[in-house]
Each structure stands twice: as structure tokens, then as C-alpha cells.
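Please open the model in your viewer and keep the selection box handy. We will start with the whole chain and then move from stop to stop.

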Amino acid sequence: MRTVTQLPKQIIEEENVWIPLPDGQRLAARIWRPADSAEHPVPGILEYIPYRKRDLTAGRDAIHHPYLAGHGYACVRVDIRGSGESDGVLTDEYLEQEQLDAEEALAWIADQPWCTGSTGMMGISWGGFAALQVAARKPPSLKAIVISSFTDDRYGDDMHYMGGCLLSDNLAEASTMFAYSTLPPDPALVGDRWREMWRERLEDSGLWIENWLSHQRRDDYWRHASVCENYSDVQCPVLASSGWADGYSNGVFRLMRHLDVPRKGLIGPWSHKYPHLGAPGPAIGYLQEVVRWWDHWLAGRENDVMDEPMLRVWMQDSVPPSTAYETRPGRWVGEPSWPSPHIEPSVHSLDAHRIARPGEEVTERGLEIESPLSVGQFSGKWASYNAPPDLPYDQREEDGGSLVFETDPLTERCEILGAPSVELEVEASEPVAMVAVRLSDVYPDGRATRVTYGLLNLTHRNGHETPEPLEPGRRYRVSVEMNGVAQVFPPGHRIRLSLSTSYWPLAWPPPSRTRVKVYTGASTVRLPVRPVAEPDELPLRPFDEPEGAPPLTVTQLRPGEQRWTVSRDLVDYESALEIVKDSGEDYFEDIDLRVARRAYERYSWLADDFSSARGETAWTMTFARGEWESRTETHTVLTCTPTEFILHAELDGYEGDHRVFSRNWHRVIPRDLV
């Protein structure tokens with residue numbers, strides 16, 4: 001990334017500003033704005049997240065907020081109620097109070113003498129969710145939003161459930177927030193109140209995973225703040241981006257399809273990162289694109305930002321399987337609208353272990369599969385963070401426990417763009433069953449790179465609101481949509497479709513071993529083919545080189561550790577996936593603060609005992625300055641029986657070596673056809 005030290009405008013920074021709320025609480029904000037904005041007001045831009053502006057996001061904030069401020073905007077980075085130095089307690093994600101507070105923050109920004117009265121919101125992940133959700137509430141000052149790695153559907157396309165299957169990221173991300181929501185504020189900003197505020201968070205933030213596990217079907221809990229419930233609520237322009245390695249690329253397609261406002265979509269090869277920090281690369285000059293967006297929609301400057309294709313995506317070339325890539329080769333392609341007039345659906349019947357050519361006659365027969373629990377151990381994370389390497393590995397071992405169909409070797413290059421899907425005629429041996437569907441690029445030597453995948457809890461075959469148990473032996477027709485993707489399959493390669501009845505630990509397994517019969521002939525796979533010869537209707541302006549403001553000065557006191565280990569004990573048949581994400585210890589020179597973070601995850605099982613599935617997470621977070629040291633430790637274990645989920649959690653708070661808080665939880669939550 002190119003560091004920019006000379007910006008169009010000089011800026012000033014206000015390290016901590018209090019935004020008052022109607023109930024007497026305060027939100028903590030950090031502000032960067034042009035030095036002359038008091039005399040020449042500028043639009044305001046809000047980034048609103050719970051990840052601590054003072055320290056944990058300070059490095060990222062330093063790169064992009066001063067950059068945007070130097071281009072004529074007041075950037076206001078606010079910690080959500082109960083996080084960082086903001087008052088209160090954070091008890092769950094996307095609550096009504098959170099959104100009311102955001103509206104108050106926008107009104108406060110619009111009313112400042114340095115603001116023109118026009119505001120925007122931007123953010124990635126929670127920040128992207130927040131911007132989209134607040135836009136749907138139509139606050140009067142909000143004129144446009146910029147969002148990355150988001151969803152409009154909290155149940156169907158988030159880290160909690162996929163196709164009605166419980167994701168292991170539900171546990172992993174709940175554990176992340178278990179740690180983050182119980183952190184102390186910095187005494188340097190809140191003074192002696194820090195201990196009282198911390199104690200309140202430790203006592204009242206709660207066990208979020210209990211909420212998430214208690215709502216196993218799509219109900220009002222998930223419908224709240226899901227913009228897909230009514231897309232017409234969003235009435236301001238939207239710039240939306242994500243990456244193919246992320247878990248959130250589908251939301252970009254849906255917003256392009258359903259919104260009726262000026263909008264642009266961008267999907268690169270990236271993991272869960274802003275596009276200017278994107279990995280795998282190539283990263284792009286995203287901040288320059290954001291400036292162009294704000295210039296047009298907030299500052300009223302005429303430019304060509306709306307003259308380009310509605311959707312621009314990175315068409316990925318074929319690559320060998322790997323758990324990490326520095327870059328993904330490919331090219332940018334543009335679509336004038338979505339759905340695109342360029343896409344030609346290609347429907348193929350499934351034959352005996354073959355994907356037939358379109359129109360080819362095939363024979364109907366029933367093929368059975370009963371996958372071992374080991375299918376899924378090379379699946380990677382639902383949403384890649386590119387650290388540690390967490391992309392899916394070679395699919396050959398996974399395919400050994402799967403039902404496999406594949407094309408003949410391709411004679412011509414094939415490109416797909418969009419969401420592949422399957423229509424399956426199936427029957428199952430148990431009332432609760434799942435299918436995992438994977439599409440892979442198979443090299444002539446047999447190596448298989450997973451391109452995309454989808455999951456379906458078969459009890460959710462008619463929708464996620466009212467799941468229905470299966471009648472063993474009865475035949476059903478089900479549809480499974482895979483994640484959207486842009487992918488090249490070269491000549492000589494094969495396209496493979498793999499079906500399995502488990503996909504652990506990416507998704508929690510069914511209550512028991514299940515045999516599923518798939519009927520060929522009646523079952524099909526649909527590929528969204530983008531003809532290679534199809535020209536782009538609109539010209540694609542090359543992206544600039546990634547750039548940003550100078551990074552924060554941080555000294556590493558202790559190196560971190562990143563580990564992703566798959567193991568199998570052939571004595572007791574225990575298998576496990578262990579993940580270590582240790583950031584080491586850093587020293588923030590500007591605020592004389594030491595910060596250490598370590599996260600551990602372990603997902604294990606015994607042989608093919610579906611009741612032995614176990615997920616365990618542990619976090620340690622330490623903040624220290626001089627004689628002050630505060631540490632929070634969390635530990636969560638999720639196990640199951642055929643009828644229940646069993647949850648145990650521990651929370652401990654320390655001042656130095658002295659434990660000042662301790663609490664245990666034990667919960668039993670019935671399985672609801674999951």
C-alpha cells in the first residue's frame with residue numbers, strides 16, 4: 001500500500017469527544033476533519049462499531065479516516081454503547097437501542113458547526129451491517145452509505161445458520177463478542193469510573209450464544225434488522241463490496257437485484273477485509289473509490305462514478321488447491337445490471353457419477369451416501385480472515401466420503417458468474433438430515449479446488465420459518481443454492497459436484513448418522529455461465545493502486561502465533577481441528593498502552609459418533625499501562641446429544657494477578673430439527 005503524506009486538506013484530530021444520548025448515556029467518538037471545517041463546513045461520515053477506537057481498530061482507522069478527512073470530510077469513528085469508552089453494556093448485536101443511538105449520533109454530527117448537515121455511513125462487517133440497517137430507518141441527514149462484508153439477511157446468510165444448518169462460526173463469533181463485550185474502558189479517558197463500567201459489563205453483557213442457539217429457525221429475532229424484509233426501506237445510494245473468500249459476497253448480488261436506488265457493487269478475491277487491505281490480492285485503491293462516491297453523493301460534485309457498470313467482479317482463474325493465496329490471478333469484468341443479460345443458465349442432469357451434457361438423456365437410479373464425520377475437516381472457515389490460512393484444502397479426501405458427479409474433460413474454457421444451484425430428488429433414512437453441496441475445479445492430475453458450496457438442512461426444504469421432519473423413505477424434491485462466485489474452468493479440467501451428509505466442523509452435524517439417496521435423472525445442477533466471447537458493455541476504468549494515510553506507530557513486544565492443525569488419533573479415533581490466533585503483544589506508543597490478544601478454537605469428534613461433536617473456544621485479552629493491568633479470560637464449550645445442545649461458559653476478570661470477577665454458565669437448549 002502506498003502511504004500518502006500530502007493530502008488536499010490539512011486535518012485536525014480530536015482523540016475523544018462525547019456524544020450525548022437522550023437517556024443521559026454518552027458515546028465515545030474520535031474525529032478527524034479538515035482544519036478549516038469550522039469556517040468551511042464539510043459532510044460528516046460515521047463509522048459505528050463495537051471494536052474499540054482507542055486501540056483495537058486504531059491501526060486501521062489511522063489509515064483511512066485521516067485520508068478521507070484530507071479529501072474534505074469529517075470522519076467520526078464511534079464505539080457502540082457498551083464498547084470502548086462508550087457508556088452502557090453491549091448485550092447483543094443489532095439491537096433496537098443500537099440503531100436508535102446511531103440515529104442520535106448522525107443527528108449530532110449533522111448539527112455540528114463543522115458539518116454541512118449531510119452525512120454518510122461506512123463500515124465493514126458490523127459497521128457494514130449498521131450502515132445498511134440504519135439506512136433502512138431513513139434518518140434525515142443520511143444521504144449515502146458505503147458498506148463492505150455485510151448481509152441483508154441475518155438468518156439465511158450470516159455467520160449463524162446456512163440453509164438451516166448451524167454454523168460453527170456461530171460459536172466462534174459468539175466467543176469473540178463474549179471477549180469483546182466484557183473489556184474495560186481506558187482509565188485515561190473515563191477516569192476512576194473505569195472499574196465501575198467494567199464491572200457492569202462483566203455482570204450484564206450476558207452469553208450471546210445462548211440467544212443465537214435459542215432461535216434455530218427464522219423468527220422475529222432474525223427478521224429484526226434484516227433489510228431483506230423490505231428492500232424499499234433503503235432510499236439512499238449504496239456502494240457495496242465483499243470478497244469471494246469472505247462469507248458475505250451474496251449480499252452484494254441481492255442488493256444489486258432488489259434495491260431501487262443508485263447503487264454499485266464490487267466483489268474481489270478478498271477475505272473479510274476492506275478492499276484496499278484485501279487479501280488474497282490484488283488489493284485495489286478502494287479509498288479513492290470511496291472519495292469519488294462521497295464527492296458525488298455528499299458533496300454534490302459531478303463525476304463519472306455512476307457511469308460505470310452496476311456490478312464489477314473479479315473473474316478468478318483456475319488455481320491449485322491451497323489454504324492461502326497471496327494473490328488470485330484473474331481479471332475484472334463488469335455487468336450493467338443484476339441479474340445480468342450476459343448470464344446463460346446451463347442445466348445439466350446428474351447421471352451415475354457424471355454431470356451430463358445439456359439435453360443428454362440419462363438413466364434414473366438411486367445412489368446412496370452416508371458420509372463420515374471427517375468430511376469437512378478441510379473445508380476452511382465460513383468466512384476467511386486470511387490469518388491463519390483458513391481456505392479449503394484439496395477436496396480429494398473430502399470427496400472420498402461424498403457422492404461425486406463430474407463432467408467429461410472440458411474442451412473449451414468455461415466461465416461462471418453467479419450462484420450455481422442443484423435440484424435434487426432425495427430420500428433420507430432419518431427425520432433430520434442435511435446435504436452439503438460443493439462445486440470444484442478438478443485438475444487433470446486429480447487435484448480439486450473447491451469453487452463454491454451450499455448447505456441445506458432438509459427439514460428446512462420448504463422454508464426456514466416452519467421446518468418439518470422428514471418421513472424416512474419418502475422421496476422429496478429440494479433445491480440447494482450455492483454461494484455466488486466468478487470462476488474460470490480451463491480446457492482439460494473437469495467440473496465436479498460433490499454431495500455429503502455432513503460437513504463438520506464448518507456446520508454442526510445432524511443428530512445421528514443418516515443415509516441419503518439421490519435419484520439421478522430427476523436431479524440437476526444449474527451453472528450460471530457467462531460466455532467467454534461476451535464483451536463488457538461498459539468500459540472498465542482501471543483501479544488505482546491501494547493507498548492510505550500513514551499507519552499508526554505500534555511496537556511489537558511479543559510475536560504472535562497462527563496455527564491451523566488437523567489431527568486424528570488412531571487409538572481412540574478422536575479427530576480435531578485446532579486453531580490458534582495469537583496477535584502477540586503490541587505497544588501503542590501514542591497512548592503508552594500494551595495490548596495482548598490470544599484466541600483458541602478446537603472442534604473435535606470421536607469416530608462416527610455424531611453426538612461426540614464438541615466445539616471449544618478460549619480468549620485472553622490484556623490491557624496494561626504502568627501499574628494498571630486488566631485482563632479478561634473467556635472459555636466456552638458446546639456439546640450435544642441427539643435432542644439437546646449443551647453449553648458451558650466461564651468468564652474471569654483480573655486486575656494484575658488478582659481475580660476480581662468470576663461467573664459460570666450452564667445451559668441446555670433443545671435441538672429444533674437441527
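The tour below goes from the overall view to single residues.

**Before you start**

This is a predicted model, in which local features need pLDDT of at least 70 and side-chain atom pairs count only at pLDDT 80 or more, while totals for chains, interfaces and linings use all residues. Residues are numbered from 1 along each chain as its sequence is written, and side-chain values use heavy atoms, with hydrogens and water left out.

**The whole chain**

Show the chain as a cartoon and you will find eleven helices and 35 strands. Both are DSSP runs numbered from the N terminus: helices are H or I with at least four residues, strands are E with at least two. The chain is as compact as a globular protein of its length, because its radius of gyration is 25 Å, close to the 26 Å that the globule rule gives for 674 residues. That radius is taken over C-alpha atoms, and the rule is 2.2 Å times the number of residues to the power 0.38. Turn the C-alpha trace along its principal axes and it spans about 75 × 60 × 45 Å.

Now switch on the surface. The accessible surface of the chain is about 23,900 Å², with 47% of it belonging to carbon and sulfur atoms; these areas come from the Shrake-Rupley method with a 1.4 Å probe, and for residues only the protein chains shown count as cover. Of the 674 residues, 62% are buried. Here buried means under 20% relative accessible area, exposed means over 50%, and partly exposed lies in between (1.4 Å probe, protein chains only).

Contacts also tell you about the fold: among those in the chain with a separation of 6 or more, 74% are between residues 24 or more positions apart. A contact means heavy atoms within 4.5 Å.

**Stop 1: helix α3 and the residue before it**

Select residues 126-135, which form helix α3. Why is this helix described as largely enclosed by the rest of the structure? Ten of its ten residues are buried, so the surroundings largely enclose it. Among them are Trp 126, Phe 129, Leu 132 and Val 134.

Add Ser 125, in the loop between β6 (115-124) and α3. Its phi is near 60°, a positive value in a residue other than glycine, and Ser 125 is buried at a relative accessible area of 16%. For background, most residues other than glycine have a negative phi, and most peptide bonds are trans.

**Stop 2: Tyr 94**

Go to the loop between β5 (74-79) and α2 (96-110), where Tyr 94 is found. Tyr 94 is not a glycine, yet its phi is positive, at about 60°. Is Tyr 94 buried or exposed? With 3% relative accessibility, Tyr 94 counts as buried.

**Stop 3: two cis peptide bonds**

Select Trp 338 and Pro 339: a cis peptide bond joins them, with omega about 5°. Pro 339 sits in the loop between β13 (330-335) and β14 (344-351). Then select Trp 504 and Pro 505, where the peptide bond is cis with omega near 15°. Pro 505 belongs to the loop between β24 (494-500) and β25 (516-519).

**Stop 4: His 276 and its neighbours**

His 276 lies in the loop between β11 (263-268) and α10 (286-297) and is buried at 3% relative accessibility. Which residues does His 276 contact, leaving aside neighbours within four places in sequence? Its partners include Met 1, Ile 63, His 64, Tyr 286 and Pro 546.

**Stop 5: Pro 531**

Pro 531 is in the loop between β26 (524-529) and β27 (547-548), and at 19% relative accessibility it counts as buried. Show His 342 as well: the two are 189 residues apart in sequence, but their C-alpha atoms are 7.3 Å apart. Not counting residues up to four places away in sequence, Pro 531 touches His 342 and Glu 344.

**Stop 6: the cysteines**

How many disulfides does the structure hold? The structure holds zero, a disulfide being a pair of cysteine sulfur atoms within 2.5 Å. For Cys 236, the nearest cysteine sulfur is that of Cys 115, 15 Å away. Cys 236 is buried, with a relative accessible area of 7%.

**Last stop: Val 668**

Finish in strand β35 (residues 658-670), which contains Val 668. Val 668 is partly exposed, at a relative accessible area of 43%. Leaving aside neighbours within four places in sequence, Val 668 is in contact with Glu 644 and Phe 645.
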